[in-house]
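Please read this note with the model open beside it, and look up each residue as it is named. The points are meant to be taken in order.

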Amino acid sequence: MVLGKQEVLAELLTKELKPYVKKIDQDAFYAENFLRRLGEAGLLSSGDRSQSEVVSDGLYLVRETAEICMTTAFCLWCHLAALTYVRTTENERLKADLLPSLEDGSLLGATGLSNPMKHYAGLENLHLKAKRTPGGYLVSGVLPAVSNLGRDHVFGAIAGLNDQQQIMMVISCDSPGLTFKEKTDYLGLNGSATFSCSLREVFIAEDRILSEEADAFVANIRPTFIAYQIPLGLGVTDASVRSIEKTANRQNGCNQYLPVQAPELQRKRTELEYQLLSLISKESVDWKEVARIRLSAAYLTLESVQADMLHNGSSAYQRASAPARRLREAYFFANLTPTIKHLEKVLI
Ligand SMILES: Cc1cc2nc3c(=O)[nH]c(=O)nc-3n(C[C@H](O)[C@H](O)[C@H](O)COP(=O)(O)OP(=O)(O)OC[C@H]3O[C@@H](n4cnc5c(N)ncnc54)[C@H](O)[C@@H]3O)c2cc1C
């Protein structure tokens with residue numbers, strides 16, 4: 001990301017995110033304003049830049065945000081996933097309708113693709129079903145968790161039309177037949193505006209269809225979908241490393257005897273970022289290579305937050321401490337689709 005934009009982001013992080021981190025973690029506060037400001041400041045715009053430039057800027061945004069608050073970085077990931085769907089679709093009408101407002105932050109996007117991703121990996125049946133109706137489709141079923149939602153937001157979803165064909169669409173949260181139940185009883189991530197979504201014959205017009213061949217469309221967006229998740233872990237690792245470094249002189253330097261130290265975590269994290277940036281600069285990306293980095297990032301994040309807890313000792317064991325927040329957030333990263341178990345299965 002060019003220098004001027006990095007400075008704008010740094011200012012937004014300081015003013016619009018840092019003051020709210022405790023509230024996000026403890027009171028399920030959703031930092032919607034921060035996300036909208038990123039768009040208003042032009043940080044989500046693709047313009048006429050190449051795909052790899054757009055993706056590498058997105059990676060930077062997610063990593064910098066995750067270093068301060070992974071919950072909000074996850075909401076940003078949800079929005080970037082929705083943006084990826086709209087940027088990739090061949091439905092030019094949908095693109096013209098939604099892309100400008102998703103990029104300027106006036107419309108926020110989300111994604112309900114965990115279940116289809118698990119379906120395509122042979123883990124689950126599809127939760128949503130679609131049937132043809134004049135002018136579009138009627139979609140029914142339940143998605144147990146979709147984050148970054150609000151009354152005027154949209155989310156991407158996939159429904160099965162029959163055993164062979166699935167369609168992918170953008171659903172508006174104010175659609176008739178759609179009901180939500182807020183979920184705020186998680187170990188962490190409660191400020192992620194997460195809801196279970198129940199759809200009862202929700203009408204999806206043809207101009208909201210991203211693809212009528214969702215399996216091919218998913219193969220197309222999968223590398224970017226997974227790549228954008230990796231900096232969630234890198235940002236949390238960065239914050240853990242800084243936190244570990246700050247404790248070096250406590251108790252006459254006793255932490256030096258702990259087996260996991262900051263330089264080793266830093267080295268692993270830099271190596272993963274290097275691999276990721278090299279990969280996305282290629283013409284075509286094998287999604288399994290991205291998935292391998294994603295898996296390593298999940299393990300590294302768990303290792304980093306655990307080390308941070310050990311280096312910080314009992315101050316980290318306070319319910320509202322930053323290392324404890326990161327520990328809880330890291331377990332979400334491990335269980336975000338594709339989860340560690342899902343990745344281990346597809347990467348054998
Ligand atoms: C905070 C949060 C936000 C999320 N946001 C999104 C999102 O924006 N979009 C999206 O598509 N997905 C979202 N997810 C889902 C997420 O990406 C993963 O799919 C999910 O966490 C992975 O769970 P799993 O693979 O272990 O399987 P699960 O879906 O948890 O299910 C595995 C098995 O456990 C059972 N099970 C699940 N929950 C319980 C329970 N509480 N008690 C007993 N049995 C249970 C299920 O029936 C199933 O048989 C979110 C999840 C969380 C926790």
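The points below deal with the ligand and its surroundings, and then with some details of the backbone.

1. Before anything else, please keep in mind that this is a predicted model, and that the distances and angles below are computed from it.

2. Where does the ligand sit? The model places the ligand in the largest pocket. There it is surrounded by 19 residues, of which Thr 111, Ser 114, Ser 147, Thr 337 and Lys 341 come nearest.

3. It helps to ask which helices and strands each supply at least two residues of the shell around the ligand. They are the helix α7, covering residues 114-120, the strand β3, covering 136-146, and the helix α12, covering 322-335. Sorted by class, the shell holds eight nonpolar residues, eight polar residues and three charged residues.

4. Several polar contacts between protein and ligand deserve a careful look, and two of them involve side chains. In the side chain of Ser 114, an N or O atom is 2.7 Å from a nitrogen atom of the ligand, while in the side chain of Lys 341 an N or O atom is 2.7 Å from an oxygen atom of the ligand. Asn 335 takes part through its backbone instead, with an N or O atom that lies 2.9 Å from an oxygen atom of the ligand. As for how far the ligand is covered, it exposes 950 Å² when taken alone, and the protein buries 53% of that area.

5. Thr 337, already named as one of the residues that come nearest to the ligand, is also worth checking for its backbone. The peptide bond that leads from Thr 337 to Pro 338 is cis, and its omega is near 0°. Pro 338 itself belongs to the loop between α12 and α13, the latter being the helix at 340-346.

6. Ala 28 is not a glycine, and yet it has a positive phi of about 55°. This residue is found in the loop that runs between α2 (21-27) and α3 (32-40). Is Ala 28 buried, partly exposed or exposed? Its relative accessibility is 25%, and because buried requires a value under 20% and exposed one over 50%, Ala 28 counts as partly exposed.

7. Asn 148 is likewise a residue other than glycine with a positive phi, in this case near 60°. Its place is in the loop between β3 and β4, the strand at 154-160. With a relative accessible area of 0%, Asn 148 is buried.

Conventions:
Residues numbered from 1 in each chain as written. Predicted model: local features only at pLDDT ≥ 70, side-chain atom pairs only at ≥ 80, totals over all residues. Heavy atoms only, no water. Near = heavy atom within 4 Å. Polar contact = N/O pair within 3.5 Å; in protein donor to acceptor, adjacent residues only side chain to side chain. Areas by Shrake-Rupley, 256 points an atom, 1.4 Å probe, with all protein chains shown as cover. 1 Å grid on protein atoms, 1.4 Å probe; cavity = no way out; pocket = protein on both sides within 12 Å on 5 of 7 lines; lining within 4 Å. Sits in = over half its atoms within 2 Å of the grid points. Helix = DSSP H or I, 4+ residues; strand = E, 2+ residues; numbered from the N terminus. Nonpolar A, V, L, I, M, F, W, Y, C, P; charged D, E, K, R; others polar. Buried < 20%, exposed > 50% of the residue type's maximum accessible area, 1.4 Å probe, protein only.
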